[in-house]
Amino acid sequence: MLSNSVDLNSKIPNNVGLADDPKLLRALEKWLPNYLEWWHDMGPTDFEDKPVYLRTAISVDTDGWANYGHVRMPDYRWGIFLNPRQEESTIRCGDDAGKPAWTEVPGEHRNALRRIIVTQADTEPASVEQQRLLGHIAPSLYDMRNLFQVNVEEGRHLWAMVYLLHKYFGRDGRDEADELLLRRSGDPDKPRILGAFNQPCDHWLSFFAFTMFTDRDGKYQLAALAQSGFDPLARSTEFMLTEEAHHLFVGETGLDRIIKRSAELEKIDPNGDVRNQGGIDFDLIQRTINYWFTYSLDLFGGEISSNAADFFATGLKGRYREDRLDEHRALGQSYRLQVVDGGRLVERDVPLRNAMNEVLRDSYIKDCERALRKWNRTLEESGSPNRLTLPSRRFHRHQGIYADHKFDPAGNLVSGETWEKEHHRWVLTPADNAYLLSIMKPVYEPGKFANWIAPPSRGIEGQPVEFEYVKMHD
Amino acid sequence: MAVRFFNGMEPAQSNELVVEFATDPSRYRHWRVSYEGPIARVEMCVDPEGGIKPGYELKLNSYDLGVDIELADIVRRMRFEHPEVRAAVVSSGTDNVFCAGANIHMLAASTHAWKVNFCKFTNETRCELEDADAFSHQVYLCAANGTCAGGGYELALACREIYLQDDGSSAVSLPEVPLLGVLPGTGGLTRLVDKRRVRRDRADVFSTTAEGIRGKKAVQWRLVDGIFPRSRFLDEVMKRARKVADAVAAELPEGEARVGIKLGDLSPEITETSRRYRHVELSWDRAARTASITVRGPSPEDVALLGEGPAAIHAAGDQLWALRAFRELDDALLYLRFNLPDVGLCLVRALGDAEVVAAHDAALWGQRDFWLVNEVIRHMGRVLRRLDLSSRSFFALGDAGTAFVGCLLELALASDRFYLLDDPENPVKVGLTIFNEGVVPMSHGISRIRAHLHGEPDKLEALAGRHELLDPEEADDAGLVTVLLDDIDWEDDTRVAIEERASLSPDALTGMEANLRFPGGETEDSKIFARLSAWQNWIFIRPNATGAQGALSLYGKPERPIFDWKRV
């Protein structure tokens with residue numbers, strides 16, 4: 001039975017009545033040690049014995065899902081939570097919009113659903129792997145705590161997806177759940193499924209950009225799945241979204257604090273040279289935005305996609321806030337797209353359903369633009385003349401219709417030679433990474449922050465900024 | 001391969017383009033081929049913009065006829081131009097995808113005739129791969145370094161061994177049934193259970209699972225022969241290829257150095273109603289819906305050359321009559337199939353001196369241990385099978401000046417009827433040689449004479465080893481002739497027969513001929529062309545596939561298919 005109360009005494013905290021489903025419980029309990037082993041191998045292992053001020057969900061109520069206290073990460077209670085729902089759920093989009101939602105997997109959509117869930121699930125452990133060493137160069141205990149909060153919650157999101165695989169997809173689902181612990185971010189032989197999740201994320205600028213841009217893709221994917229006609233998926237992802245918001249907060253405010261600090265350093269330096277002051281210059285911040293924003297755009301999939309059309313038509317995946325739209329079939333409508341034809345950009349109309357990835361990407365880009373405006377306000381308030389921009393959606397793409405062409409950040413077609421000559425000015429380079437690593441030294445004293453980042457305006461859950469968010473000397 | 005659009009001339013057909021099959025490595029757009037001693041690398045890197053017809057992009061290494069014409073050329077040239085190759089590794093030059101199969105948008109936008117012709121040609125090419133393995137000591141290995149779907153997996157199935165990259169996502173699949181509502185019609189279903197002996201219940205699961213099967217399970221189910229991790233993938237496959245090459249080389253006579261010959265252009269002389277090659281002429285009359293193929297037999301010099309032995313034969317290279325004439329015939333047949341769709345009846349003549357043809361066959365057969373002659377003979381077999389599988393009526397006309405003997409008699413035996421002139425003023429000879437005794441078998445494994453006399457074993461027995469020239473009446477008595485006509489009747493009777501044939505339903509004739517031409521048992525090849533293709537061609541015209549709401553029509557479109565659930 002699905003309820004608001006969480007069974008916390010269970011080995012696996014949950015509100016899905018695991019105790020009443022011994023077969024499923026057995027399967028998940030068998031998966032649990034493998035998960036812990038993976039966490040030990042690939043998580044932030046070196047900090048396993050440090051108590052971290054984490055929030056843990058103990059109930060899915062508004063006041064119960066964020067319960068704070070110092071916890072050692074391996075003792076974190078990874079659980080399975082589905083959003084409760086009062087009214088009967090319906091299929092929200094596609095040919096069957098308005099009909100009752102599925103509480104079991106419909107046979108005809110089984111493979112597609114499994115693929116959607118596995119792809120989503122794969123991103124969760126991937127990001128933990130990408131970020132596993134960042135604790136060693138954390139700019140503060142506050143930031144370190146945020147990193148670990150993000151990490152344990154990505155772990156919990158993996159649990160949410162693995163629960164669906166175990167519960168609804170039989171033996172195939174169990175096999176897929178096992179595979180999720182075998183793939184490794186960046187491994188040439190067993191890479192994670194999606195490109196951005198195989199990119200190195202080895203310093204904090206990338207971490208903030210990742211949580212800002214890549215986790216934000218996650219938000220939009222989860223939001224689209226929260227509209228799914230497969231009710232257990234919709235409820236799982238709804239709950240994940242509440243946690244995801246914090247990850248985006250970490251990224252957006254992290255970059256904002258860097259920008260604020262760089263503006264300060266610019267002012268301090270007689271030549272306005274941020275680097276001279278050991279900070280992160282604006283060109284480098286811009287290259288980081290360009291790099292992670294575009295890798296994240298890739299995650300939405302092809303601009304013209306039959307899969308996207310199928311997922312929408314069958315009610316498996318909706319648009320962002322589909323439930324707030326008036327029309328849910330999206331037939332007989334088209335979407336205007338810029339395509340490259342004969343070496344020029346031209347407009348082409350494609351059926352709306354086939355453009356659903358692009359529709360979701362639009363919502364995402366709008367959200368990113370909002371963050372850019374905020375950062376530029378920070379610059380304005382600091383009296384800095386610098387402004388940051390989002391590159392064109394065509395720039396630096398590895399998936400979709402623009403991947404085979406070269407564009408400048410403004411979205412103009414450029415030649416291969418131009419790209420070769422200019423790309424080091426446009427996206428993160430090895431030299432950038434080397435510089436960033438050189439300035440990123442750990443700061444483990446409560447209330448202290450690295451020189452290249454400003455402190456946050458306030459602490460976590462009413463605690464002061466100088467609170468000992470991670471107890472390094474317990 | 002080249003495409004000509006008719007400019008103000010009579011459109012060739014509804015597809016309004018003329019397909020040419022001649023190509024060479026300097027013109028490839030979709031493949032990279034490299035040779036290193038006994039190993040060849042064949043890399044598929046399809047140019048998305050390089051479709052043979054406008055209106056679709058060849059994404060993800062998907063293919064259309066143009067891509068397959070190049071593959072056919074690669075396979076054929078490797079046998080003649082690179083006989084030193086023992087193992088050929090087929091892989092993809094595109095990251096993370098081996099081959100996504102036939103381009104669906106191309107299929108969905110094509111006429112039924114185009115689809116059928118395309119599938120037949122691709123099937124013939126897959127069979128050529130296997131033929132090279134069986135008879136030329138050239139083994140194909142598939143290195144599926146990425147997704148291997150539909151026709152991509154069918155290409156893999158035509159290789160002797162299949163290796164799949166083990167990266168957690170690359171899978172082999174046949175998604176045609178669940179995604180498109182059609183069959184994996186390029187031999188997929190047949191090779192799965194007959195060649196690779198995948199258990200049929202597993203084949204059922206596999207063929208209805210759109211995403212396919214990857215990793216260890218693919219090995220366990222015998223869908224692939226091995227998996228290797230991505231970082232070592234090509235190294236491991238190349239290691240295996242060298243091993244295979246060594247094993248295959250050990251089967252060959254020691255010390256035999258094979259040096260290839262060049263296959264030059266055929267460059268036919270083209271008019272609006274004909275294609276004239278050196279030994280072959282194809283001409284057509286659209287109004288009468290008939291065409292003629294005339295093959296001119298070898299000359300005494302051609303025969304003498306064969307007698308000079310391997311060095312002279314090698315020096316003659318692609319100018320050898322048996323090679324040149326059959327390459328020309330092949331090109332003519334393909335032209336007929338793709339560019340003359342409304343021609344229903346093709347009249348076949350073999351001109352020449354009967355004695356010389358008989359001597360030619362004996363001389364060629366005498367040199368069969370020379371690798372090049374073996375290739376020439378195998379090639380003749382493939383062209384004749386192309387004729388067997390062409391869905392046109394063929395009437396062989398044995399009038400004055402013809403010499404249906406040996407390898408040319410095969411043309412008459414491949415035809416649906418053989419009219420022979422019995423006129424003492426113009427004596428016509430017919431005769432059997434070793435070439436009529438299984439050297440150039442049909443796709444179901446037996447000789448044409450055996451298929452021809454399937455119901456008359458006594459006559460077959462009587463002809464065994466009877467390598468002599470026969471008078472028309474003797475030929476008729478032997479059971480070789482459909483209708484024997486004297487000179488008074490010839491003109492009228494053949495005219496009436498031709499007009500009558502040209503008036504019958506083309507669909508019924510195609511079906512009837514495909515059934516009557518192949519008496520006897522089945523082989524894997526013949527099952528592909530008969531059972532698999534016939535079902536596919538039926539499905540292709542069913543509304544559930546190609547109707548306005550059919551799965552193939554709607555693939556990639558926003559609407560979902562609506563099926564008529566009645567089983568037929």
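**A salt bridge between chains and two helix packings**

Guide: In this predicted model, B:Arg560 forms a salt bridge with A:Asp95, and the closest N and O atoms of the two are 3.7 Å apart.

Visitor: Where do B:Arg560 and A:Asp95 sit in their chains?

Guide: The pair crosses between chains: B:Arg560 lies in the segment after helix 23 (551-554) of chain B, while A:Asp95 belongs to the loop between strand 2 (67-72) and helix 2 (110-130) of chain A.

Visitor: And how many salt bridges are there between chain B and chain A?

Guide: Between chain B and chain A the count is five salt bridges, and over all chains it comes to 87.

Visitor: OK, what about the interface itself, how many residues are in contact?

Guide: On the chain B side 18 residues are in contact with 23 residues of chain A, and the area buried between the two chains is about 1,600 Å², of which carbon and sulfur atoms give 40%.

Visitor: Which residues of chain B lose the most area to chain A?

Guide: Those are B:Glu211, B:Pro558 and B:Arg560, which together account for 39% of what the chain B side buries; B:Arg560 is also the partner of A:Asp95 in the salt bridge described above.

Visitor: Switching topic to chain A: how do helix 3 and helix 5 cross?

Guide: The axes of helix 3 (residues 141-168) and helix 5 (residues 204-225) of chain A come within 12 Å and cross at roughly 45°, which makes helix 3 oblique to helix 5. The crossing of these two helices of chain A is left-handed.

Visitor: Which residues make that contact?

Guide: Helix 3 of chain A contributes A:Asp143, A:Met144, A:Leu147, A:Val150 and A:Glu154, and helix 5 of chain A contributes A:Trp204, A:Phe207, A:Phe208, A:Thr211 and A:Asp215. By character, the residues of this contact divide into six nonpolar, one polar and three charged.

Visitor: Then helix 5 with helix 7 of chain A, is that crossing left-handed or right-handed?

Guide: The crossing of helix 5 and helix 7 of chain A is right-handed, and the axes of helix 5 and helix 7 (residues 282-298) come within 9 Å and cross at roughly 30°.

Visitor: What residues are involved there?

Guide: From helix 5 of chain A the contact takes A:Leu205, A:Ser206, A:Ala209, A:Phe210, A:Phe213, A:Thr214 and A:Asp217, and from helix 7 of chain A it takes A:Leu284, A:Thr288, A:Ile289, A:Trp292, A:Phe293 and A:Ser296. The residues of this contact divide into eight nonpolar, four polar and one charged.

Technical notes:
Residues are numbered from 1 along each chain as its sequence is written. Chains are lettered from A and ligands numbered from 1 in the order in which they are written. This is a predicted model: local features need pLDDT of at least 70, side-chain atom pairs count only at pLDDT 80 or more; totals for chains, interfaces and linings use all residues. Side-chain values use heavy atoms; hydrogens and water are left out. Axes are lines fitted to C-alpha atoms, for helices over the stretch in contact, and angles run from 0 to 180 degrees between N-to-C directions. Helices (H or I, at least four residues) and strands (E, at least two) are DSSP runs, numbered from the N terminus. Angles under 35 degrees count as roughly parallel, over 145 as roughly antiparallel, 65 to 115 as roughly perpendicular and the rest as oblique. A crossing is left-handed if the near helix is turned anticlockwise from the far one by less than a right angle, and right-handed if clockwise. Contact means heavy atoms within 4.5 Å. Ala, Val, Leu, Ile, Met, Phe, Trp, Tyr, Cys and Pro count as nonpolar, Asp, Glu, Lys and Arg as charged, and the others, Gly among them, as polar. Buried area is the accessible area (1.4 Å probe) that two parts lose on being put together, summed over both. A salt bridge is a side-chain nitrogen of Lys or Arg within 4 Å of a carboxyl oxygen of Asp or Glu.
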